[in-house]
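Dear colleague,

I am handing over the structure below, and after it you will find my notes on what was found in it. Please read them with the coordinates open beside you.

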Amino acid sequence: MDRNTYNKLIDDLIKYSESYYKYNISLISDEQFDMMLKQAEKIEEENPSWVRLDSPTQTPGSDLVSSDEGNVHARPMLSLENTYNEEDVTKWYKKMEELTGENPEVVVEYKFDGNSAGIRFSHGKVVKALTRGNGLVGENITNNVLAMEDVSNVKSTFNGECRGEIIMSKEEFARLNVDGKYANARNLASGTIKLLDVNEFKKRKLWFYAYWLEGSKNLKHSQDIDLLREMGFRTGKYYLCHNLEELLAAIKEIGDNRNNLEIEIDGAVMKLNEKRYWEMLGSTAKFPRYAKAYKYHQEVAETKVLSIDFQVGRSGKITPVATLNPVFIDGSTVSRATLNNIEFLKQIDVRVNDTVYIQKAAAIIPQIIGVNLNLRNEDCLEVVSPTTCPDCGSILVKEGDKVDLFCKNEFCPGRIVDKISYYTHVLEIDGFGDEIIERFHYLNYLNKVVDLYYLKDKRHELVLLDRFGEKSIDKLLFNIEESKKVPAEKLLAALGIKGIGIKMAKIIMEKHQTIDEVMNLSIEELSSIDGIGDIKASEVYLELAKEETRALIQNLKELGVNMVATKKEVNDNADVAGLSFCITGALSLPRKEYELLIEKNGGKNVSGVTSKTSYLVTNDTTSGSSKNKKAQQLGVKIISEEELRQLLKMD
Ligand code: AMP
Ligand code: ZN
């Protein structure tokens, strides 16, 4: 090992670390990063004179984009050392036994996959909130944190700092990511917490999970978590382990269940429970010694990029797509991966012939997460952004200050095919692949969505087409006719109106019975629907008002396509309409089932108790939980599961 190799390694690590913390892009997997970091540590141990001050072995990664003198942490916010296997956990626990001279108690918590923050309170009110930043100095996020419901639930007497993780739930991520614009919940949470406009911030829901409390008199960490919960903070489930076997079992159980949680976790964190050991063991510049993170293995495959092409979507947006040397990952063979958008392509700097790392996002969508720069050579060719549409040759344009490129040609074959393909996909019309749609478009049978319903007039020509026969054409025509019966919430989504994805269509049609009704809504009426903000309402309004949207709906209506939403199954007897419920604690049925029934019968579910809440539902009506206390304070009626079942007329 020579000094140049060491320097190159450190340069790479700095680049990866900056990219991850500042721009939320993983150029390599966490596991590989940690391997390189270990390698760097080893070299530094053997050659102390080489150690660079900027080496990522010496400081936690930084998310700072700007630094500000006033945002120094009262005490450093450290990172956690990662482990990936039972062997290392065993080693760690054995070492803790040695250092403490006993079988120390260990608390195992979720490793929340979000952004750490320290929040300072005075009499229960937030006075300052900082991100971890580089560990010593953080980014000021006070204004946004003040607007978070989670922190406004905190008891009015709390003075001091509390640390935890700001994260976005899977549900909220799905709501905001109908277009698939964002890579994952952590990235979006990270972008959200740093938004400069509080009004924009308020449109997205973030949660704060607390896991550290300043200056409590408790001797044990588990007592601190309990206390945080009592104070009204959101806290995660934790496991109290008394020996190595229990520790390993807890890590396994969290791993087995992690896909069922409401939030993303990327591992488990183990901490010695007795806080006196924390002082005793201290920390390195980067990590505390009393804690360790266990990261669950995420499969990463390496493969070569054969080509990078540009595709045009129904909105005209151009998306880069990589064709890969086929590779097996997480149970299936992957040969293509989208690169999200042109900006992402530029940031991640993937080139044709590069060897890349791929992962499956949410265990389904293959994503390129980074480039193996060690294998880059002069054969790796940079991709040039296109200037013309790959399908129709029109000059591409940018919209406003956005980076994406658009084909504005309404007759662009790529856009038309994608539009029809989207429609058949959402309505689940079987038998249509893009290839068939492309072919029918080429033959002039399909130029717009409504043409689908005129295909039956061309039956005599279609049955003569190569690779089709009477049977397959009749089946296709039958499926097309059947699609006229689909409920209107699906139809509304299938139209491909900007801003109305599957979820949004459902939200709108839950409140309105027919598409005609929706077409006549004012901006105010749209924004009064739960889940639609003012900006979204005006965007949807403008899209619905467009001549082309109106013509499409009118044509579909004349063709006999159903315009009525699914009838809501209302239990006529239920007494919950117009009431709001906050359900908490263990029940005999999954909470979701009650929530669905409440919603179906015209009631509303809320996650926290406010003066507007009608009922707090809990089987532990006398517990001292923060929700119970709040309900009592505000005079909100507390009812049991049994009473809720009576209101829902379930028994
Ligand atoms: P890393 O981001 O890989 O450096 O991991 C360390 C970070 O994990 C800490 O800075 C915390 O922000 C975060 N973290 C998530 N969950 C926990 C937890 N339960 N206890 C402590 N830190 C946590
Ligand atoms: Zn085009």
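To begin with a pair of residues in this predicted model, Val327 stands opposite Val334, the latter belonging to β12. The two strands concerned, β11 (residues 318-329) and β12 (residues 332-338), run antiparallel and are joined by six bridges. Between the strands of this hairpin lie two residues, and Asp330 takes a positive phi there, near 45 degrees.

The metal site may be of interest for your parameters. The zinc ion (ligand 2) is coordinated by the SG atoms of Cys389, Cys392, Cys407 and Cys412, at 2.2 to 2.4 Å, and along the chain these donors follow the spacing C-x2-C-x14-C-x4-C. The arrangement around the zinc ion (ligand 2) is tetrahedral because the four donor atoms subtend angles of 100 to 114 degrees, which lie within the required range of 85 to 135 degrees. As for accessibility, Cys389 counts as buried because its relative accessibility is 4%, where the cut-off for buried is under 20%, whereas Cys392, with a relative accessible area of 28%, is partly exposed.

Further along, helix α21 (residues 534-545) packs against helix α22 (residues 547-558) at an angle of about 65 degrees, and their axes are 5 Å apart. On the side of α21 the contact is made by Glu543, Leu544 and Ala545, and on the side of α22 by Glu547, Thr549 and Arg550. By character, the residues of this contact between α21 and α22 comprise three charged, two nonpolar and one polar.

With best regards

Methods. Residues are numbered from 1 along each chain as its sequence is written. Chains are lettered from A and ligands numbered from 1 in the order in which they are written. This is a predicted model: local features need pLDDT of at least 70, side-chain atom pairs count only at pLDDT 80 or more; totals for chains, interfaces and linings use all residues. Side-chain values use heavy atoms; hydrogens and water are left out. Donors are N, O and S atoms within 2.8 Å of the metal (3.2 Å for Na, K and Ca); water is not among the atoms, so sites may look incomplete. Four donors count as tetrahedral if all angles lie between 85 and 135 degrees; four count as square planar and six as octahedral if opposite donors are over 155 degrees apart and all others between 65 and 115; anything else is irregular. Buried means under 20% relative accessible area, exposed over 50%, partly exposed in between (1.4 Å probe, protein chains only). Two strands pair if DSSP finds at least two bridges between them. Helices (H or I, at least four residues) and strands (E, at least two) are DSSP runs, numbered from the N terminus. Axes are lines fitted to C-alpha atoms, for helices over the stretch in contact, and angles run from 0 to 180 degrees between N-to-C directions. Contact means heavy atoms within 4.5 Å. Ala, Val, Leu, Ile, Met, Phe, Trp, Tyr, Cys and Pro count as nonpolar, Asp, Glu, Lys and Arg as charged, and the others, Gly among them, as polar.
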